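Please open the structure in your viewer and keep the selection panel at hand. Each stop below suggests something to select and then says what is there.

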Amino acid sequence: MKIHEYQAKTILKRFGVVVPRGEPCSSSREAAEIASRLGASSFILKAQVHAGGRGKGGGIRTAGSPTEVERVAGEMIGMRLVTPQTGPDGKRVRRLLVEEAQEITRELYLGIVIDRSEGSPVVMVCPEGGVEIEEVARRSPGKILKASSVPGVGFPPFLARKLAYGVGLGPKEVEKTVILILALVRAFEESDAALIEVNPLVVTREGDVVALDAKASFDDNALYRHPELRELRDLDEEEPLEVEASRSGLSYIKLQGDVGCMVNGAGLAMATMDLIQLAGGAPANFLDVGGGASADQVRSAFRILLPDSSVRALLINIFGGIMRCDVVAEGVVAAAKQMEVRVPVVVRLEGTNVEEGRRILRDSGLNFTVASGMLDAARKVVSLSRGGP
Amino acid sequence: MSILADRNTRLLVQGITGREGAFHTRQAVAYGTQVVAGVTPGKGGTTHEGIPVFNTAAEAVANTGANASVIFVPPPFAADAVMEAADASVPLVICITEGIPTLDMMRVMTFLQGKPTRLIGPNCPGIITPGQCKIGIMPGAIHRSGAVGVISRSGTLTYEAVAQLTACGIGQSTCIGIGGDPILGTRFVDVLRLFREDPETRGIVLIGEIGGTAEEEAARYIQESITVPVVAFIAGRTAPPGKRMGHAGAIISGGSGTAAEKVEALHRAGIRIVENPASIGEAMAEALTARSH
């Protein structure tokens, strides 16, 4: 689960990380009020959307007075912000973070992620801040310094010191950076984070070490024990169909293509998307109806896929194992009869009792194309999506 | 003829009285697996469909000589169950549970260090040695005893591959689903090493997917140490970056973990890669024929 910058900063502050003074708002009047309260000589207005690269799309702007803050905020709230990470449609700006501007002498990168092969959180720092870390990793991977949390020990201060000296900070800055890194690791572990990124981490003219930006996402599987974090979820920032699917317990991701697919199992679902592409089409989604593909789940899946106007044909690919193909077929037929299916549907079944399953599909009276193999199914559905036979 | 599990495996089921645990225990027994004990705290001293139930794994092992355990415990308690099995010196633990927090799994991995327990999973279909022993949630009937080992991060996609092998007349030595989570007890390389030591495994099917670098590690190991033919498939060529594709571990993050990188690494290691997941069986049949000539 992703959260907004202002939410991440509130959490980090609680752990002792220094962040700029500021508050979120959703109207230009509020923005001006915040600016007056802050009483600074210049301000930063930052669009609160779940996407990076905001600066490039006009999502981060400066202002010199509360009056100017009000004017700029008026321009930003309600705009569609397009950044390299939002896609061409961009994201509507509903909220801003108004902060006191900082006088910066140095920018760095600081991030924590899970190192899958080490099985522990790893802290990464880089002397270049404010740029995309993926870009640095490609261009000059040697610039990124890393240290892993030690199982059973945690993250000892010496590792933080090693990183801080490693990026060339002076002794006073090192001291503050060490405190900040240790606070960040604590925040990461205590909140079951999946990623915390401070980009940039800055040294100010006064010599403070400040988290100028903050990005955090959390392990969905651990949210059950963090009710306070669960409340930070902003459904406005998520794809509406994905939200609805997650309510029905389905794993669904919207893609750009026009061939819808409904598959049991995540691996097979990915493989099916790949096959659609191999057959010359483009998948409209990822959808895992669950290993068993019960009638209820199939019905929920239809409810997600059918209203999507970009779906021009639908492929149902089910491997019936312990849940036999005839049972799966009955479920699919029952669900389809209840729904108004307006697009051509290709069904490919394999597994236990497959002949009986195919017979049920053929005799259903529904306009289903029953495919014999996975590739055959993909070719048929791609052809149908283009109005072909 | 197999690795890790065979007809001498004596299975303990943790969470045997739960819905999933009970259902798959019945399936395992029907397949011929020796299920010797169950654990459900608070239900010790009772029996479940004729299988003795204990309060703790230690008691279950002491009383029944269980040498493997399968876990069907809900996510908040599953990490604890893995550690309990390891503490009871169970040499093989298979965790089916999906949805265990990553930090819990990190603690489990630390706990397992220096202990002789091998953990398979979590979030996996389990392990089967056809004709001998089924531990997990896979459909037993699609398997057939033979000489090809199967390793996969997936569930149903593995069944697809197995069904194709069987349809081509190729049996399996052992099939292992290592799991779809980012942190796993057993990785591709560990299983490859076991297959390498099994003289009866004459071919290996490897099914990977986006996320992490386990396939790249596997490619290096196969190139250096595996002499039998390997057929690989990588799922997720069309997956967008930054999105979790169902499995907690199936995510392209920071530009790495893409299918293209994995395919490239496997290709460079000289491994046969199929683009069409429906041709895994045929590809293995060809590889085995080429080898025997």
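The tour goes from the domains of one chain to a sheet, then to the nonpolar cores, and ends where the chains touch.

Before you begin, keep in mind that this is a predicted model.

**Stop 1: the domains of chain B**

Select residues 10-120 of chain B, which make up domain 1, and then give another colour to residues 138-292, which make up domain 2. The C-alpha centres of domain 1 and domain 2 of chain B lie 26 Å apart, and the contact between these domains takes 9 residues from domain 1 and 8 residues from domain 2. On the domain 1 side of chain B, the elements that give two or more residues are helix H1 (19-31), H4 and S7, and the largest share, 4 residues, comes from H4(B). By class, the residues on that side of domain 1 of chain B divide into 6 nonpolar, 2 polar and 1 charged.

**Stop 2: a sheet in chain B**

Now show the strands of chain B and look for an open sheet of 7 strands with mixed pairing, whose order is S3-S4-S2-S1-S5-S6-S7. Its edge strands, each of which pairs on one side only, are S3 (47-48) and S7 (118-120) of chain B. If you select S2 (34-39) and S4 (51-54) of chain B, you will find that they pair in the parallel sense over 2 bridges, and that Phe54(B) in S4(B) is the bridge partner of Val39(B). Next add helix H3 of chain B, which lies across S1 (10-14), S5 (68-71), S6 (92-95) and S7 of chain B and runs at about 170 degrees to S6(B).

**Stop 3: the nonpolar cores**

In soluble globular proteins, nonpolar side chains tend to be buried together. Here the largest nonpolar core has 209 residues, and those that touch the most other members are Leu184(A), Leu287(A), Leu12(B), Ile71(B), Val82(B) and Val90(B). Helix H6 of chain A, residues 171-190, gives the most to this core, with 9 residues. Apart from this core lies another, of 24 residues, including Leu45(A) and Val72(A). Which residues does Leu12(B) touch? Not counting residues up to four places away in sequence, Leu12(B) touches, among others, Val36(B), Val39(B), Ala57(B), Val61(B) and Val90(B).

**Stop 4: where the chains touch**

Finally, display both chains: their contact takes 48 residues from chain B and 45 residues from chain A. On the chain B side, the elements that give two or more residues are helices H3 (75-87), H4 (102-112) and H5 (156-167), together with strand S12 (203-209). This side of chain B has 25 nonpolar, 17 polar and 6 charged residues.

Conventions:
Residues are numbered from 1 along each chain as its sequence is written. Chains are lettered from A and ligands numbered from 1 in the order in which they are written. This is a predicted model: local features need pLDDT of at least 70, side-chain atom pairs count only at pLDDT 80 or more; totals for chains, interfaces and linings use all residues. Two residues are in contact if their C-beta atoms, placed from the backbone, lie within 7 Å. Ala, Val, Leu, Ile, Met, Phe, Trp, Tyr, Cys and Pro count as nonpolar, Asp, Glu, Lys and Arg as charged, and the others, Gly among them, as polar. A nonpolar core is a set of buried Ala, Val, Leu, Ile, Met, Phe, Trp, Tyr and Cys residues joined through C-beta atoms within 7 Å. A residue is buried if 20 or more other C-beta atoms lie within 10 Å of its own, exposed if 12 or fewer, and partly exposed in between; C-beta atoms are placed from the backbone. Two strands pair if DSSP finds at least two bridges between them. Axes are lines fitted to C-alpha atoms, for helices over the stretch in contact, and angles run from 0 to 180 degrees between N-to-C directions. Domain bounds come from an automatic or database domain assignment.
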